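Biologist: Before we use any of these terms, I would like each one justified from its value and its cut-off. Could we start with the ligand?

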Amino acid sequence: MHSIGIIGGTGPEGRGLATRFAIAGHKIIIGSRNEKRGLDVATELSETLNKSFPDKLNISGTNNRDTARESDIAIITVPYDAHLETLSELSPYLSDKIVIDAVVPVKFERGPRPIPVEAGSATEEAAKLLENSFVIGAFHNLSAEKLLEPNLSLDSDVLITGNSKDAKNIAINLANEIKGVRAIDAGPLRYSQFIENLTVLLIGINGRYKTETGLKISGID
Ligand SMILES: NC(=O)c1ccc[n+]([C@@H]2O[C@H](COP(=O)([O-])OP(=O)(O)OC[C@H]3O[C@@H](n4cnc5c(N)ncnc54)[C@H](OP(=O)(O)O)[C@@H]3O)[C@@H](O)[C@H]2O)c1
């Protein structure tokens with residue numbers, strides 16, 4: 001059982017991941033810039049999930065700093081615009097911890113477009129900012145809308161990048177706990193840009209087909 005803090009956990013992606021990891025039995029901390037907003041979202045999630053998953057839930061909420069401090073795994077779900085500032089502020093509280101970055105550098109200008117990142121990808125930017133953490137890239141291609149339906153099978157792969165084998169294995173085990181997810185070791189952090197950019201493609205397809213798409217790699221048993 002992990003203590004999982006979600007930085008920017010009040011948005012749909014953070015709430016979706018919180019939902020899935022709470023029902024898997026982990027302790028969840030919803031982080032926000034505003035302590036009360038973190039607490040309110042935690043209360044709302046607990047009340048909603050308690051109907052179908054009684055006795056199992058451990059969800060609290062607070063500000064991002066205490067969330068980082070109190071968790072052993074932090075998941076980053078802020079918009080890319082806030083990535084650099086948020087991680088720089090939280091860096092001291094994330095030392096020696098696993099930090100899973102789910103941030104997609106995307107902007108909307110007549111459709112979704114990638115935001116160029118000097119480090120190569122948001123995940124590599126995180127690794128530069130958090131020198132003393134074990135940074136992993138994951139969950140970029142999972143739809144928040146689907147994550148938020150706790151009984152729905154995602155029927156998707158999660159591509160996981162990281163330079164620490166041990167941290168990556170922990171993230172792989174975590175991702176596999178989400179119903180209908182198969183976690184795939186996608187290699188070192190330098191491959192993160194391809195995974196992040198695939199989300200830009202999926203958002204465009206979602207718009208054209210009016211649906212929520214996912215990703216599956218064939219050829220792996
Ligand atoms: N939505 C999806 O389906 C999806 C799928 C895969 C990956 N992602 C990625 O996951 C991340 C979160 O997505 P989302 O749709 O949940 O985003 P969001 O709702 O726009 O933002 C998530 C949370 O980030 C915080 N935030 C917003 N602006 C901020 C700022 N300037 N500084 C610090 N914190 C700020 C807000 O929390 P507080 O106001 O409470 O602080 C907000 O609730 C994004 O990077 C996105 O690319 C999303």
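Biologist: What makes the pairing of Thr 10 with an oxygen atom of the ligand a polar contact?

Modeller: A polar side-chain atom of Thr 10 lies 2.6 Å from that oxygen. A polar contact is a pair of N or O atoms within 3.5 Å (within protein, one must be able to donate a hydrogen and the other to accept it, and residues adjacent in sequence count only if both atoms are side-chain atoms), so the pair qualifies. By the same cut-off, side-chain N or O atoms of Arg 33, at 2.8 Å from a ligand oxygen, and of Arg 37, at 2.9 Å from a ligand oxygen, also qualify. The protein covers 73% of the 890 Å² of accessible area that the ligand has on its own, with areas taken from the Shrake-Rupley method and a 1.4 Å probe, where for residues only the protein chains shown count as cover.

Modeller: Please keep in mind that this is a predicted model, in which local features need pLDDT of at least 70 and side-chain atom pairs count only at pLDDT 80 or more, while totals for chains, interfaces and linings use all residues. Residues are numbered from 1 along each chain as its sequence is written, and side-chain values use heavy atoms, with hydrogens and water left out.

Biologist: Which residues are closest to the ligand, and how many surround it?

Modeller: There are 20 residues around the ligand, and the closest are Thr 10, Ser 32, Arg 33, Arg 37 and Val 78; a residue is counted as near if one of its heavy atoms lies within 4 Å. The space that the ligand takes is the largest pocket.

Biologist: Why is Thr 67 called buried?

Modeller: Buried means under 20% relative accessible area, exposed over 50%, and partly exposed in between (1.4 Å probe, protein chains only). Thr 67 has a relative accessible area of 0%, and is therefore buried. Its place is in helix α3, residues 64–70, where helices (H or I, at least four residues) and strands (E, at least two) are DSSP runs numbered from the N terminus. Leaving aside neighbours within four places in sequence, Thr 67 is in contact (heavy atoms within 4.5 Å) with Gly 5, Ile 6, Ile 7, Ile 29, Ile 30, Gly 31 and Thr 62.

Biologist: Asp 66 is in helix α3 as well. Why is Asp 66 called buried or exposed, whichever applies?

Modeller: Asp 66 has a relative accessible area of 17%, which is under the cut-off, so it counts as buried. Its side chain makes a polar contact, at 2.7 Å, with the side chain of Arg 69.

Biologist: How do you know how to class Ser 156, which is found in strand β9?

Modeller: At 3% relative accessibility Ser 156 falls under the cut-off, and so it is buried. Among the residues that Ser 156 touches, not counting those up to four places away in sequence, are Leu 142, Gly 180, Val 181 and Arg 182. A polar atom of its side chain lies 2.8 Å from the backbone oxygen of Leu 154.

Biologist: What covers the buried residues of α5?

Modeller: The buried residues of helix α5 (residues 122–129) are Ala 122, Thr 123, Glu 124, Glu 125 and Ala 126, and what covers them includes α4 (83–90), β5 (98–101), β8 (134–137), β9 (156–162) and α8 (192–209).

Biologist: What makes the phi angles of Phe 139 and Asp 155 worth listing?

Modeller: Each has a positive value in a residue other than glycine, with phi near 75° for Phe 139 and near 50° for Asp 155. Phe 139 is in the loop between β8 and α6 (144–147), and its relative accessible area of 1% makes it buried. Asp 155 is in the loop between α6 and β9, and because its relative accessible area is 47%, it is called partly exposed.

Biologist: How do you know that Arg 190, Asp 81 and Lys 165 count as exposed?

Modeller: Arg 190, in the loop between β10 (181–187) and α8, has a relative accessible area of 51%, which is over the cut-off. Asp 81, in the loop between β4 (73–76) and α4, has 73% relative accessibility and so counts as exposed. Lys 165, in helix α7 (residues 165–175), has 63%, so the term applies there too.

Note on methods: On a 1 Å grid over the protein atoms alone, a cavity is a set of points where a 1.4 Å probe fits but cannot get out, and a pocket is an open set with protein on both sides within 12 Å along at least five of seven lines; lining residues have an atom within 4 Å of a point. A molecule sits in a cavity or pocket if more than half of its atoms lie within 2 Å of its grid points.
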